[in-house]
Amino acid sequence: MRSVFDAIGAFLDSLTSIHWGFLGLAVLFHLGRIASRSRAWRNVVAAAYPEAKVEWRDVFGGYVAGIGANAILPGRGGDLLRLYIVKHRVEGATYPTLGATLVADGIFDLFAASVLLIWAAAAGVLPGGDVLPTLPGIDWLWVFKNPWQSVVIAGFFLAVALVVLGLAYPRITGFWERVRQGLAILRTPRRYLREVALWDAADWALRLTAVFFFLHAFGLPATAYNVFAYQVAGSLSTALPLTPAGIGTEQALLVFVFSGVASASKILAFSVGVKLVTIAVNVTLGLGAVLVMLGSVKGRDRVEADAAGRA
C-alpha cells in the first residue's frame with residue numbers, strides 16, 4: 001500500500017504537466033474498446049440463445065457493470081455481477097451457459113496476449129527469474145515465494161470442488177449441456193470470425209491506441225515498443241488479480257520495463273494516472289449500469305409477482 005500511495009503522490013505532482021487533449025482522446029478510445037468488446041460478447045450470447053431476444057444494450061449494461069465492479073473488487077468479482085444482470089435480461093438464460101460464453105469470448109484474448117508475451121520474452125521486456133522476486137508490489141509473487149502454502153490452499157479448493165461435483169453429479173449431464181450451449185458459436189467458425197473475432201480485434205486495436213495517447217498525455221515516448229510493453233505489464237497484472245484492477249503489480253512491472261525511458265517518479269505518475277483514469281471511467285459506467293439494469297430487473301420481478309398474485 002505504501003508503494004501505491006507513493007505512486008498516487010507522484011501522479012498528483014504531475015497534474016500540471018498532463019496534456020489534457022491527449023488524455024481525452026485516450027478516454028475516448030477506451031470507451032470505444034468497451035463498446036467493441038461488449039458487442040462481441042452479445043454475439044456469443046445470441047448464438048447460445050438463438051430463439052431469445054438478446055439486445056446489445058442489455059449485454060452492454062451487464063458488461064460495464066462487471067468491469068466497474070472489477071475495478072474496485074479483487075479476484076474479478078465483477079464477472080459474477082455481469083452474469084447476474086444478463087441472466088435476468090435474456091429469457092431462459094442460465095449461469096453455466098453464460099459462464100461458457102465468457103470462455104468463448106476470451107479465445108481471441110488468449111491468442112493476442114500469447115503473441116504479446118512471446119514478443120516480450122524474445123525482446124527481453126520482462127524481468128528474469130533472478131530479478132522478479134526482488135520487485136516490490138507484485139501481489140502474485142506470494143504464490144512463488146510460498147510454494148507449499150500455495151499447494152495446500154490449491155488442494156483445499158480442489159477438495160471443495162470435488163465435493164461439490166459429487167453432490168451435483170445427478171445434474172451433471174444437464175450442466176454440461178448448458179456449457180456446450182454457451183460455446184455454440186465456435187461450431188460455426190465463419191460466424192465466430194465475423195461476429196466475435198472481428199470485434200475482439202477492434203477491441204485490441206482500440207486499447208493499444210488508447211495506450212498510445214496515454215503515453216503522449218503523460219509525456220512519455222509513444223513508440224510501438226512502449227505501447228506493447230505497457231500492454232504486456234497490464235495483462236500480467238490482471239492475470240491473477242489479488243488486488244483491485246491489479247494495482248500495485250502493474251506499477252512494479254512498469255518501473256522495470258520503462259527503466260530506461262524515464263525517471264521512476266515519472267513512470268509511477270504515468271502508470272497510476274492511467275489506472276486512476278480508467279478506474280474512474282469504468283466505475284462511473286458500471287454504477288450507472290447497475291442503477292439502470294438492476295432497477296429494471298426489480299421492476300420486472302414486481303410486475304411478474306403482481307401478475308402471479310392476480311392469477
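Q: Angles under 35 degrees count as roughly parallel, over 145 as roughly antiparallel, 65 to 115 as roughly perpendicular and the rest as oblique. Which of these words fits helix 3 and helix 4?
A: Quick caveat: this is a predicted model, where local features need pLDDT of at least 70, side-chain atom pairs count only at 80 or more, and totals for chains, interfaces and linings use all residues. Residues are numbered from 1 along each chain as its sequence is written, and side-chain values use heavy atoms, leaving out hydrogens and water. The axes (lines fitted to C-alpha atoms over the stretch in contact, angles 0 to 180 degrees between N-to-C directions) of helix 3 (residues 56-70) and helix 4 cross at roughly 160°, coming within 7 Å. So the pair is roughly antiparallel.

Q: Which residues of helix 4 meet helix 3?
A: Contact means heavy atoms within 4.5 Å. On the helix 3 side, you'll find Asp 58, Val 59, Gly 62, Tyr 63, Ala 65, Gly 66, Ala 69 and Asn 70. Their partners in helix 4 are Gly 78, Asp 79, Leu 81, Arg 82, Ile 85 and Val 86.

Q: How does helix 4 sit relative to helix 5?
A: Helix 4 (residues 78-87) and helix 5 (residues 95-105) have axes that come within 10 Å and cross at roughly 125°. That crossing angle therefore makes helix 4, seen against helix 5, oblique.

Q: Which residues of helix 5 make the contact with helix 4?
A: The axes of the two helices come within 10 Å. Helix 4 brings Arg 82, Leu 83, Tyr 84, Val 86 and Lys 87 to the contact. Facing them from helix 5 are Tyr 95, Leu 98, Gly 99 and Leu 102.

Q: What is the angle class for helix 10 and helix 11?
A: The axis of helix 10 comes within 9 Å of the axis of helix 11 (residues 224-237), and the two cross at roughly 110°. The contact joins Trp 204, Arg 207, Leu 208, Val 211, Phe 212 and Leu 215 of helix 10 to Asn 226, Val 227, Phe 228, Tyr 230, Gln 231 and Ser 235 of helix 11. The two helices are therefore roughly perpendicular.

Q: Which residues does Ala 222 touch, leaving out those up to four places away in sequence?
A: Ala 222 belongs to the loop between helix 10 and helix 11. Although Ala 222 and Val 211 are eleven residues apart in sequence, their C-alpha atoms are 8.3 Å apart. As for what Ala 222 touches, the list is Phe 212, Leu 215 and His 216.

Q: How many residues apart are Asp 203 and Arg 33?
A: There are 13 salt bridges in the structure (Lys or Arg side-chain nitrogen within 4 Å of an Asp or Glu carboxyl oxygen). In one of them, Asp 203 pairs with Arg 33 at 2.7 Å, N to O. This one links distant parts of the chain, with Asp 203 in helix 10 (residues 189-217) and Arg 33 in helix 2 (residues 20-48). Their separation in residues is 170.

Notes:
Helices (H or I, at least four residues) and strands (E, at least two) are DSSP runs, numbered from the N terminus.
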